[in-house]
Amino acid sequence: MDYKNAGVDIEAGYKSVELMKKHVQETMRPEVLTNLGGFSGAFSMEKFKDMEKPTLVSGTDGVGTKLKLAFLLDKHDTIGIDCVAMCVNDIACAGGEPLFFLDYIACGRNEPEKIAAIVSGVAEGCKQAGAALIGGETAEMPGFYPIEEYDLAGFAVGVVDEKDLITGKDLKPGDVLIGMASSGVHSNGFSLVRNVFSMKREALDTYYDSLQATLGETLLAPTKIYVKALRGVKEAGVVIKACSHITGGGFYENIPRMLKEGTHAVIRKDSYPIPPVFNMLSVDGDIEEKVMYNTFNMGLGMILAVDKADVDRTMEAVNAAGETAYVVGQIEAGEKGVTLC
């Protein structure tokens, strides 16, 4: 008896590391002081010592049951983008610049080519965020995970000068809410999605004119990474007063998180186009509107509040970063919460 006969292939682990190295290398930043394969990743803070009060911000998350779609479609090269997005968008939402990322893959069987495909997506997400992929772990766990399945999670660290933290403390009535378009469902609500749509390969491969893609392609579209857009707004001289990453819990849970006491967000539902996949979900699943807005992003992945005088500059900066922006509402005086009208 040996480790391989027990279900853990050490040689496959070595091969996985070799295959992923080229993807990891593409994410490097000058501050990275270690190479892939060490026991830890080192990152220099020298560049940030001139900040008045350099402050670390962190985020950790996974992809959830969206992974089931990747298993069914046998497509593993974009799911890593989702994992990075879920972490770095939270950091950027606080005003931080993502610095580095670490991933954790746990699988029933280490298939080097599949692991490398997953990590290629993680690396692509890191490149989009400007973060270095400085380490990770692939754990082969036979008997714990089915041999064809895996879980994926990540952890990111960023930095911001304390005075630039986005906290909502300066929000006031009259401030304007600007939303950035999502790419679709992103990485939340898939337990409901998988109960609405058939998870058979034939159904997922069905093309819909309204989607301009197959159902599977639409659902597996990677989560948008808004780091570049938020950085562009800041570089345009705009102070982002509050920011909300629309993830699990949709509008009703996430928008109040960016508000201070005494302020109320009002969102106009007709102020932007809702992607067709959400209408399909609502109709096919007989899901009432409030549940939709309490579960999904409904076409807006990030919402920020700015002074009315900064609206044009904000819109221009978001669009220049390659994202689509909409004026979707305003801040009013009232009980902390959100109204959709």
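This passage describes a sheet, one of its inner strands, a loop residue and the empty spaces of a predicted model.

The sheet is open and has six strands. Their order is 8-10-5-11-9-12, and the pairing is mixed. Strand 8, residues 242-245, stands at one edge, and strand 12, residues 337-340, stands at the other. Each has a single partner strand, so one side of each is left without a neighbour in the sheet. From one strand to the next, the twist averages 25°. Helix 12, residues 311-320, packs on this sheet. The helix touches strand 5 (176-181), strand 10 (300-306) and strand 11 (325-333). The direction of helix 12 makes about 145° with that of strand 11.

Strand 5 has two partners in the sheet. With strand 10, strand 5 pairs in the antiparallel sense over six bridges. Here A181 stands opposite L300 of strand 10. Strand 5 also runs antiparallel to strand 11, and five bridges join the two. On that side, G179 has Y326 of strand 11 as its bridge partner.

The burial of strand 5 was examined next. Six of its six residues are buried, so strand 5 is largely enclosed by the rest of the structure. V176, I178 and M180 point one way from the strand. L177, G179 and A181 point the other way. Both sets are buried.

Towards the other end of the strand order, strand 9 lies beside strand 12. Strand 9 spans residues 263-267 and pairs with strand 12 in the parallel sense. Four bridges connect them. Within this pair, H264 stands opposite G337 of strand 12.

K269 lies in the loop between strand 9 and helix 10, which covers residues 276-285. The relative accessibility of K269 is 22%. Buried means under 20%, so K269 counts as partly exposed. Leaving aside neighbours within four places in sequence, K269 is in contact with I274, E289, Y293, L340 and C341. K269 and T339 are 70 residues apart in sequence. In space, they are 9.9 Å apart, C-alpha to C-alpha.

Empty space was examined last. Rolling a probe the size of a water molecule over the atoms shows where such space is left. The structure holds one cavity of 30 Å³ or more. The volume of the largest cavity is about 40 Å³. Its lining consists of C107, R109, E111, K114, I115, I147, E148, E149 and Y150. By class, this lining has four nonpolar and five charged residues, with no polar ones.

The second largest pocket holds about 570 Å³ of space. Its lining comprises 26 residues. Of these, G95, V160, D164, I166 and K234 lie nearest the centre of the pocket. Three elements give two or more residues to the lining: strand 2 (97-107), strand 4 (150-161) and helix 8 (227-235). Helix 8 provides the largest share, five residues. By class, the lining of the second largest pocket has 12 nonpolar, four polar and 10 charged residues.

Technical notes: Residues numbered from 1 in each chain as written. Predicted model: local features only at pLDDT ≥ 70, side-chain atom pairs only at ≥ 80, totals over all residues. Heavy atoms only, no water. 1 Å grid on protein atoms, 1.4 Å probe; cavity = no way out; pocket = protein on both sides within 12 Å on 5 of 7 lines; lining within 4 Å. Points joined across faces, edges and corners; volume = space filled by probe spheres on them. Nonpolar A, V, L, I, M, F, W, Y, C, P; charged D, E, K, R; others polar. Pairing = 2+ DSSP bridges. Axes fitted to C-alpha atoms, helices over the stretch in contact; angles between N-to-C directions. Contact = heavy atoms within 4.5 Å. Buried < 20%, exposed > 50% of the residue type's maximum accessible area, 1.4 Å probe, protein only.
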